[in-house]
Amino acid sequence: MNLAESESRPVLGPAGNKTRSLESRKPVSKPKSNTKMESVGEIKGKKSPALSGMNPNGKLMNCVSKKEQERKVFRSNLSMNASCSSDNSSDSSHSRASTGRIVRKSVPILRKQSVVKVQKVVSDGSTGGEVGPGAGEVVDAKKRCAWVTPNTDPCYVAFHDEEWGSPVHDDRKLFELLSLSTALAELAWPAILNKRHMFRDVFQDFDPVAVAKLNEKRITAIGSSASSLLSELKLRVIIENARQMCKIIDEFGSFDKYIWGFVNHKPTIGNFRYPRQVPIKTSKADVISKDLVKRGLRGVGPTVVYSFMQVAGITNDHLISCFRFQECISAECAKDKDDSFKDRFEGKQTEDETDLDVTGAIDRLSLSQD
């Protein structure tokens, strides 16, 4: 075998690629820029005359062919990667569509709040109410004045629904409300109402005659139950006002006739639509305050007197939208009817008695003549 032929024969290397010849193993100098352009032109299908005349076993031909192969391999790899990626994406989309697990961006969904229908429940002998969202929860359907809110103390709500604005004509009740109104200088209505039972125990159920006889030193002593209610000054004011009220009762026959005489025995009606329209004092309250001070009562300024007029029903300051507005008017109308009927009944009874007396006198006179 010829040695030259064995050296030029290609040998399969360990990497699986054909090994270059001994000549190709030598370091190859980089081709110039013109050779690069010519090789590019050859790839595009334009053969250069310089390259066509060269020996295919030469160094330059080997370099150009290798670069061309590398470009072809690179392009084939790119096309394969693109096809694989498209296949993978289509497969993944098909698989997701088949399984129903299509991933989407989470978008916040606004849901309407569930509205619970409210049903009215009216029981025998009780006021109408509504059933709320909670089980067994009863929501009152009554519309009250705007200053009575869902967060208002239940004691004050009951006071508004039952007492505030109702016409009062009992002297003992009038004295109680006047005394509690004077306490507004130190306490609010909810606090006063929560301690109302203590006030009644200390002040003998607000009987003016009994309160007028109380010992001031004993009531105002430190550690007494009364000292926890109000200051010493206010406690003395209540006792002094009871003494002066007894004098008014002796003069007018009752405190009811005295106090209601300022409004001609008929409550004034505010007809207010909004809370901002309700005053804290009026000219009428100022007149009553001055007269009470003149008669020796203390702690009865115009603001306190107007609060007393509101709670005693001398003035009806319920908002016209409140259910108590009409109730207070109806209560006073019913009282007027009862009073008129009573007056007529008493007048008729007096006339009957007079007729009987006249008839008896005539009978006696006729008998004496006989």
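The following paragraphs describe a predicted model, moving from one helix to its salt bridges, its nonpolar cores and a pocket.

Helix 12 is a suitable place to begin. It covers residues 232-252, and at 1.5 Å a residue its 21 residues should span 30 Å; the end C-alpha atoms lie 31 Å apart, which agrees with that expectation. Its buried residues include the nonpolar side chains of Leu 235, Val 237, Ile 238, Ile 239, Met 245 and Ile 248. Lys 234, Glu 240, Asn 241 and Gln 244 are also among the buried residues of this helix. The partners against which the buried residues of helix 12 pack are helix 7 (171-182), helix 10 (208-212), helix 11 (216-219) and helix 13 (255-260). Just beyond the end of helix 12, Gly 253 adopts a positive phi of about 90°.

Helix 12 also holds an internal charge pair. Glu 240 and Arg 243 form a salt bridge in which the closest N and O atoms are 3.6 Å apart. Both residues belong to helix 12 and are separated by 3 residues, about one turn of the helix. An α-helix has 3.6 residues a turn, so residues three or four places apart point the same way. The two partners nevertheless fall into separate accessibility classes: Glu 240 has a relative accessible area of 19% and is buried, whereas Arg 243, at 30%, is partly exposed.

Across the whole structure, a search finds 14 salt bridges. In one of them, the side chains of Arg 196 and Glu 176 meet with an N to O distance of 3.0 Å. Arg 196 is located in helix 9 (residues 196-202) and Glu 176 in helix 7, so this pair ties together parts that are 20 residues apart in sequence. Both ends of the bridge are shielded: Arg 196 is buried at a relative accessible area of 9%, and Glu 176 is buried at 5%. Another salt bridge joins Asp 291 to Arg 295, with the closest N and O atoms 3.1 Å apart. Here Arg 295 is partly exposed, at 25% relative accessibility. Through shared partners, salt bridges also link Glu 163, Lys 173, Glu 176, Arg 196 and Arg 200 into one network.

The nonpolar interior can be considered next. The largest nonpolar core contains 51 residues, of which Trp 189, Phe 199, Phe 203, Phe 255, Ile 259, Phe 308 and Ile 314 touch the most other members. Helix 12 supplies the largest share of this core, 7 residues. Leaving out residues up to four places away in sequence, Ile 259 touches Leu 174, Ile 288, Phe 308 and Ile 314. A second, separate core has 6 residues, including Cys 145, Val 278, Leu 319 and Cys 322.

Val 278 leads from this second core to a pocket. The second largest pocket has a volume of about 270 Å³. It is lined by 13 residues, and those closest to its centre are Val 278, Pro 279, Ile 280, Ser 307 and Gln 310. The largest share of the lining, 4 residues, comes from helix 15. Gln 310 itself lies in helix 15, which runs over residues 302-311, and is buried, with a relative accessible area of 11%. Apart from neighbours within four places in sequence, Gln 310 is in contact with Trp 164, Gly 165, Val 278, Pro 279, Thr 315 and Asp 317.

Definitions and conventions: Residues are numbered from 1 along each chain as its sequence is written. This is a predicted model: local features need pLDDT of at least 70, side-chain atom pairs count only at pLDDT 80 or more; totals for chains, interfaces and linings use all residues. Side-chain values use heavy atoms; hydrogens and water are left out. Helices (H or I, at least four residues) and strands (E, at least two) are DSSP runs, numbered from the N terminus. The expected span of a helix is 1.5 Å times one less than its number of residues. Buried means under 20% relative accessible area, exposed over 50%, partly exposed in between (1.4 Å probe, protein chains only). Contact means heavy atoms within 4.5 Å. A salt bridge is a side-chain nitrogen of Lys or Arg within 4 Å of a carboxyl oxygen of Asp or Glu. A nonpolar core is a set of buried Ala, Val, Leu, Ile, Met, Phe, Trp, Tyr and Cys residues joined through side-chain atoms within 4.5 Å. On a 1 Å grid over the protein atoms alone, a cavity is a set of points where a 1.4 Å probe fits but cannot get out, and a pocket is an open set with protein on both sides within 12 Å along at least five of seven lines; lining residues have an atom within 4 Å of a point. Grid points are joined across faces, edges and corners, and a volume is the space filled by probe spheres set on the points.
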